[in-house]
Amino acid sequence: MLTNILGALLLFPFIILVVLIIVAKKIGLPKKKRIGWAVDWTTPFMVLTVLILIRAIWDAWLPILLIGILCLVAIGFAVIERSREKEFRTSWVLRRTWRAYFLLLTTAYFLLFITGITVQIIRYVN
């Protein structure tokens, strides 16, 4: 039973996001910070979910590819920050990068979810 619950949480990380938003409200975080706090804590689960979906669809374990893409995003934000500002703000770059990871991984999650359903339907028909 515990395995099923953990599996559902990893497959549907938005359950974790909603639970964390509720927890943020209970611990008294201001409204403006609740979503950001929940997104920050959900991002690692999104990484695992995307890796698990890739593995389930194509039977390929590609953490190096995902880590490479995430590093390129971080480098891109660092280059943008360096070209815009005289003083490099590491905290700004890390915060923006982490939030961009969430958006990128959420998009990948939905695309992989749709792709997985489509592949399974095609396999079933054939």
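Tutor: Let's begin with a definition: the bend at a residue is the angle between axes fitted to the seven residues ending there and the seven starting there. Keep in mind that the model in front of you is predicted.

Student: Where does helix α3 bend, and by about how much?

Tutor: Look at Thr43, where α3 bends by about 35°. A proline, Pro44, follows within four residues. From its first C-alpha to its last, this helix of 28 residues reaches 40 Å, which is close to the 40 Å expected at 1.5 Å a residue.

Student: What comes just after α3?

Tutor: There you find Asp59, with a positive phi of about 55°. That is a positive value in a residue other than glycine. Asp59 sits in the loop between α3 and α4 (63-84). With a relative accessible area of 59%, Asp59 is exposed, because over 50% counts as exposed.

Student: Back inside α3, is Thr49 buried or exposed?

Tutor: Thr49, which belongs to helix α3 (residues 31-58), has a relative accessible area of 1% and is therefore buried, the cut-off being under 20%. Its side chain has a polar atom 2.7 Å from the backbone oxygen of Phe45. Leaving aside residues up to four places away in sequence, Thr49 touches Leu10, Leu11, Pro13 and Tyr109.

Student: Now for α2. How many residues does α2 have, and how far does it reach?

Tutor: α2 has 14 residues and spans 20 Å from first C-alpha to last, close to the 20 Å expected at 1.5 Å a residue. Just after α2 comes Gly28, which takes a positive phi of about 90°.

Student: Which residues of α2 are buried?

Tutor: They are Pro13, Ile16, Leu17, Leu20 and Ala24. These residues cover an arc of only 100° around the axis, so they lie on the same side of α2. The face turned away from that buried side carries the exposed residues Lys25 and Lys26. As for partners, the buried residues of α2 pack against α1 (2-11), α3 and α5.

Student: Could we follow one of those buried residues? What does Ile16 touch?

Tutor: Not counting residues up to four places away in sequence, Ile16 touches Leu9, Thr42 and Phe45. Ile16 is in helix α2 and is buried, with a relative accessible area of 11%. You can also check its C-alpha against that of Trp41: the two atoms are separated by 8.8 Å, although the residues are 25 apart along the chain.

Student: I also see aromatic rings. What describes a pair of them?

Tutor: Two things describe a pair of aromatic rings: the distance of the centres and the angle of the planes.

Student: How many aromatic pairs are there here?

Tutor: The count comes to seven aromatic pairs. Take Phe14 and Phe110: their ring centres are 5.5 Å apart and their planes are at 15°, so this pair is stacked. Phe14 lies in helix α2 (residues 13-26) and Phe110 in helix α5 (residues 90-125), so the pair ties together parts that are 96 residues apart in sequence.

Student: How accessible are Phe14 and Phe110?

Tutor: Phe14 is partly exposed, with a relative accessible area of 24%. Phe110 also counts as partly exposed, at 44%.

Student: Which residues do ring pairs link into a cluster?

Tutor: The cluster consists of Phe12, Phe14, Tyr109, Phe110 and Phe113. You have already met Tyr109, one of the residues that Thr49 touches.

Key:
Residues are numbered from 1 along each chain as its sequence is written. This is a predicted model: local features need pLDDT of at least 70, side-chain atom pairs count only at pLDDT 80 or more; totals for chains, interfaces and linings use all residues. Side-chain values use heavy atoms; hydrogens and water are left out. Helices (H or I, at least four residues) and strands (E, at least two) are DSSP runs, numbered from the N terminus. Buried means under 20% relative accessible area, exposed over 50%, partly exposed in between (1.4 Å probe, protein chains only). A polar contact is a pair of N or O atoms within 3.5 Å; within protein, one must be able to donate a hydrogen and the other to accept it, and residues adjacent in sequence count only if both atoms are side-chain atoms. Contact means heavy atoms within 4.5 Å. Rings of Phe, Tyr and Trp (its six-membered ring) pair if their centres lie within 6.5 Å; planes under 30 degrees apart count as stacked, over 60 as edge-to-face and the rest as tilted. The expected span of a helix is 1.5 Å times one less than its number of residues. The arc is that of the directions from the helix axis to the C-beta atoms.
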